[in-house]
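Got your viewer open and a cursor ready? Let's take a walk through this model, one selection at a time.

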Amino acid sequence: MGIQTLEQFISKQQAQFPNAKGEFTHLLQAISLAAKIVHREVNKAGLADILGKQGKQNVQGEEQQKLDVFADHHFIDALEKVGECCYLASEEHEDGLDLTKQSIYPVGKYMVYFDPLDGSSNIDANVSIGTIFSIYKRVTTDGPLTLEDFEQLGRQQVAAGYVIYGSSTMLVYTTGKGTNGFTLDPSIGEFCLSHPNLRIPSSGKTYSVNESNYNQFSTAIKQYLQYCKEQDKETSRPYSSRYIGSLVADFHRNMIQGGIFLYPDTLAYPDGKLRLMYECNPLAFIAEQAGGRATTGLMPILDIRPQELHQRTPLIIGSDKMVKMVEWFIHEYS
Ligand code: AHG
Ligand code: MN
Ligand code: MN
Ligand code: MN
């Protein structure tokens with residue numbers, strides 16, 4: 001089968017919805033454009049003046065990297081200009097951008113939450129980094145956005161995806177009908193279907209956790225990490241430890257090979273470090289659509305009622321059987 005570009009794939013999907021007006025297609029094209037621009041900068045980062053610190057902190061109190069700011073700017077620019085959005089929220093800004101109140105472009109019905117550059121502590125070390133996005137349709141039909149729009153559960157996402165800027169640049173996304181992966185062919189500037197109907201293997205051989213937090217973990221998590229290290233041929237244990245420190249890269253490895261990623265709550269991050277709206281919800285939607293599982297340890301990520309834009313949550317995500325095993329340990333030891 002010849003190459004199928006992202007645009008061709010979307011229009012084929014859209015053919016099933018005759019009354020669709022192409023709004024979602026435009027939205028995804030805007031995301032793909034911004035991803036190509038970030039890809040270009042990431043790939044020449046060593047040469048252009050795009051490495052290093054921006055010299056400012058973001059709302060999270062993190063040292064902003066130049067590429068954080070660059071990626072944030074281009075995703076906001078592309079998403080505002082496409083005229084299909086009413087709300088844009090980024091890790092890099094304290095408040096979301098309510099386009100119903102302030103935009104010179106047409107305003108649409110989509111709300112987009114995104115992490116413009118995930119794993120930014122790895123940029124200068126030339127380690128894989130990513131972008132994560134989460135898309136909702138506003139619940140209210142027009143006028144100002146209301147709490148009803150902002151409190152939608154992760155289960156109400158209409159789409160979610162990530163870009164991984166690695167040995168190749170890939171876009172992986174779901175609209176609730178399975179998960180598909182596209183690889184950027186820079187010679188033609190197109191994302192081409194490379195991983196149709198991605199499924200996370202139900203088990204894997206690797207676990208990802210920042211072991212330096214071990215002393216801060218609950219007994220259940222400590223017991224699970226011991227379980228990972230025990231000898232047991234039948235369940236391919238001991239697992240290998242793999243931790244890149246870029247959530248998108250650790251997650252993508254598990255999408256392809258199977259495995260589990262854990263960022264439990266710690267003393268430094270009593271609610272967990274990772275952010276619900278633009279890291280955990282989108283990856284949880286993608287994982288579930290690919291046959292995987294995503295939990296806080298006590299409840300599915302997608303059922304958390306959002307309270308505020310940058311709220312954090314513990315995250316245990318990946319192969320279905322492996323995540324269920326952690327939930328078993330949490331049940332046994334709580
Ligand atoms: P971001 O770069 O968007 O702020 O996200 C960083 C996150 C995530 O990418 C990664 O899994 C995690 O931080 C690593 O945290 P630790 O360094 O505490 O392990
Ligand atoms: Mn950050
Ligand atoms: Mn991130
Ligand atoms: Mn980030």
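Below is a tour with a handful of stops, starting at the metals and ending in the loops.

Before you click on anything, keep in mind that this is a predicted model.

**Stop 1: the manganese ion (ligand 3)**

Select the manganese ion (ligand 3) and show the side chains around it. Which residues coordinate this ion? You should find Asp115 (OD), Asp118 (OD) and Glu279 (OE), with distances of 1.9 to 2.1 Å. Along the sequence, these donors follow the spacing D-x2-D-x160-E. Asp118 sits in strand 5, while Glu279 belongs to helix 7 (residues 276-289), so this pair links distant parts of the chain, 161 residues apart.

Colour those three residues and you have also marked a database entry: UniProt puts the feature "binding site" at Asp115, Asp118 and Glu279, in an unreviewed entry. They are spread over 165 residues of sequence, yet they cluster in space, with a largest C-alpha distance of 8.6 Å.

Now switch on a surface. Are these residues buried or exposed? Asp115 is buried at 0% relative accessibility, Asp118 is buried at 4%, and Glu279 is buried at 1%.

**Stop 2: the neighbours of the two aspartates**

Pick Asp115, which is in strand 5. Leaving out residues up to four places away in sequence, Asp115 touches Glu91, Gly130, Thr131, Ile132, Tyr278 and Glu279.

Then move to Asp118, in strand 5 as well. With that sequence filter applied again, Asp118 touches Ile129, Gly130, Ile132, Ser246, Leu247, Val248 and Glu279.

**Stop 3: the manganese ion (ligand 2)**

Draw a distance from the manganese ion (ligand 3) to the manganese ion (ligand 2), and the readout should be 5.4 Å. What holds this second ion? The manganese ion (ligand 2) is coordinated by Glu62 (OE) and Glu91 (OE), at 2.1 Å. Glu62 is in the loop between strand 1 (53-57) and strand 2 (63-65), and Glu91 is in the loop between strand 3 (85-90) and strand 4 (97-98), so the pair ties together parts that are 29 residues apart in sequence.

The two glutamates don't match in exposure. Glu62 is partly exposed, with a relative accessible area of 24%, whereas Glu91 is buried at 3%.

**Stop 4: the nonpolar cores**

Hide the metals for a moment and look at the packing. As a rule of thumb, nonpolar side chains in soluble globular proteins tend to be buried together. Here, the largest nonpolar core holds 41 residues, and Leu79, Ile135 and Tyr165 touch the most other members. Which helix gives the most to this core? Select helix 2 (residues 23-43), which supplies ten residues.

Zoom in on Tyr165. Apart from neighbours within four places in sequence, Tyr165 is in contact with ten residues you can light up one by one: Ala35, Val38, His39, Val42, Phe75, Leu117, Ser128, Ile129, Gly130 and Thr131. There is also a second, separate core of 40 residues, which includes Ile164, Met170, Leu247 and Leu309. Leu247 may ring a bell, as it is one of the residues Asp118 touches.

**Stop 5: the cysteines**

Select every cysteine. How many disulfides are there? A search of the whole structure finds zero. Take Cys280 as an example: the nearest cysteine sulfur, that of Cys228, is 19 Å away. Cys280 is buried, with a relative accessible area of 0%, and Cys192 is buried too, at 9%.

**Stop 6: backbone oddities in the loops**

Finish by showing the backbone. Most residues other than glycine have a negative phi, and most peptide bonds are trans. Now for some exceptions.

Go to the loop between helix 5 (219-229) and strand 12 (240-241), where Pro238 lies. A cis peptide bond joins Arg237 and Pro238, with omega at about 5°. Ser236 is in this loop between helix 5 and strand 12 too. Ser236 has a positive phi of about 50° although it is not a glycine, and it is partly exposed at 30% relative accessibility.

For the last click, select Asn126, in the loop between strand 5 (110-118) and strand 6 (129-137). Its phi is positive, about 60°, although Asn126 is not a glycine. Is this residue buried or exposed? Asn126 is exposed, with a relative accessible area of 72%.

How values were computed
Residues numbered from 1 in each chain as written. Chains lettered and ligands numbered in written order. Predicted model: local features only at pLDDT ≥ 70, side-chain atom pairs only at ≥ 80, totals over all residues. Heavy atoms only, no water. Helix = DSSP H or I, 4+ residues; strand = E, 2+ residues; numbered from the N terminus. Buried < 20%, exposed > 50% of the residue type's maximum accessible area, 1.4 Å probe, protein only. Donors = N, O, S within 2.8 Å, 3.2 Å for Na, K, Ca; no water. Disulfide = S-S within 2.5 Å. UniProt positions renumbered as here; feature names shortened; annotations may be inferred. Contact = heavy atoms within 4.5 Å. Core = buried A, V, L, I, M, F, W, Y, C linked by side-chain atoms within 4.5 Å.
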